[in-house]
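Let's take a walk through a protein model together. Have a look at the sequence and the 3D view below before reading on.

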Amino acid sequence: MWMKRTCPVVRRARRPLRTNALWVVLAVGGLAVGATGCSSWGRGEPLVTQEITAVPDAEIDLERASEENRLRLIDPKFDHVVAVLDDPSGVESARLFFNQTNALIVAENTDAAALRAASLSVSQRIPMVTYDESIRRQISELATDLGVDQIVVVGDVPWASQYGLREVIHDPGNTKALGEYTAFRFTSKVVKDPSRIVDNVAHLNSSEKTELKAAWEPLPQRITKEKMPAIPAEARRDSQMAPVIVATVDSPVANVANANAYGGTVMVMPNPDPSATKVGAAMTAGLEKGPIVALGPEFGSVTEFTHKIAQGWKE
């Protein structure tokens, strides 16, 4: 993970960090409440949302977007942080967004398993990782560090049914099991092609209980009469103070799911280069010194990414 704090900040015994910025606008319920001397646009609905991709370029005000991005209440741990997550497994994003969790999902490296795992991850606000034998030890260390009691295995993953004192749940892959895990009925939604995976995961809502399925790749199901154990839902971690979080269609699913499960809003850029499109420029405007998290290696290094943000979009 490429991560840089763009100005010196002293961390003391996990107390909230103090920001050098003067907060003059607080985001409250999607509306901006301005202090004396704030920008003149502060009325109506915000511009920089997941739906900005549908806004015509002519209606995108980059100065307004910059103010929205910069003048927002932020979790102190992300103050002045620019992070680019180049880990495709989700281990680094799980560490970034979660300090503790009761459950961890370990998914097979297939689209069908990833969508299933992401659906459960966002529903219960728990992290997920994509399994590879080369990172088995890293996954084990992550489970220990986060205090995990339950490991949920989705798809064909070589994970023993007993793993120390932890409960290991082998997901049978059916909708009924999701209901037993969560005590809610899930509605299935079919993702039509791989290019829509990230957008669908980014738009998952923990309160709506949606099971994403890949049209091109069915998830193998296991017949079982055993009732699945409960996987308790956890509280959102962001306290509605998440940094700006961006992805592209190429971003790893686990990173997008973890950011969403944390409580953040993931905006999907049309191009990883913020200067390539006006929409991308609006999503990142004013954030060359943070706070912003980019969810995939396609964004390049922190230096490259921040340079492109500062460069901006040119008519």
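We will start with a few strands, then move on to a pair of helices and some unusual spots in the backbone.

Keep in mind that this is a predicted model. A good place to begin is strand β4, which covers residues 81-84. Its side chains point to two sides: Val-81 and Ala-83 to one, Val-82 and Val-84 to the other, and all four are buried. Both faces of β4 are therefore covered, since buried here means under 20% relative accessible area.

Who are the neighbours of this strand? β4 runs parallel to strand β14 (residues 292-294), and three bridges join the two. Within that pairing, Val-84 has Ala-294 as its bridge partner.

Now step across β14 to strand β12, residues 244-247. β12 and β14 also run parallel and are joined by three bridges, with Val-246 opposite Ala-294. Ala-294 thus turns up in both pairings, with Val-84 of β4 and with Val-246 of β12. Strand β12 has another parallel partner too: three bridges join it to strand β13 (residues 266-268), where Val-266 is the bridge partner of Ile-245. Like β4, strand β12 is buried on either side, with Val-244 and Val-246 pointing one way and Ile-245 and Ala-247 the other.

Next come the helices. Helix α3 spans residues 111-124 and reaches 20 Å from its first C-alpha to its last, close to the 20 Å expected. Of its 14 residues, 13 are buried. How do α3 and helix α5 (residues 175-182) lie relative to each other? Their axes come within 11 Å and cross at roughly 20°. Because angles under 35 degrees count as roughly parallel, α3 is roughly parallel to α5. The contact involves several residues, including Arg-116 and Leu-120 of α3 and Leu-178 and Tyr-181 of α5. The crossing is right-handed.

Finally, let's look at the backbone. Right after α3 comes Arg-125, with a positive phi near 55°. His-80, in the loop between α1 and β4, has a positive phi near 60°, and so does Ala-183, at about 70°, in the loop between α5 and β10. Is each of these last two buried or exposed? His-80 is buried, with a relative accessible area of 15%, whereas Ala-183 is exposed, at 69%. One more feature sits in the loop between α8 and β14, where Pro-291 lies: the peptide bond joining Gly-290 and Pro-291 is cis, with omega about 0°.

How values were computed: Residues numbered from 1 in each chain as written. Predicted model: local features only at pLDDT ≥ 70, side-chain atom pairs only at ≥ 80, totals over all residues. Heavy atoms only, no water. Expected span 1.5 Å × (residues − 1). Buried < 20%, exposed > 50% of the residue type's maximum accessible area, 1.4 Å probe, protein only. Pairing = 2+ DSSP bridges. Axes fitted to C-alpha atoms, helices over the stretch in contact; angles between N-to-C directions. Parallel < 35°, antiparallel > 145°, perpendicular 65-115°, else oblique. Left-handed = near helix turned anticlockwise from the far one by under 90°. Contact = heavy atoms within 4.5 Å.
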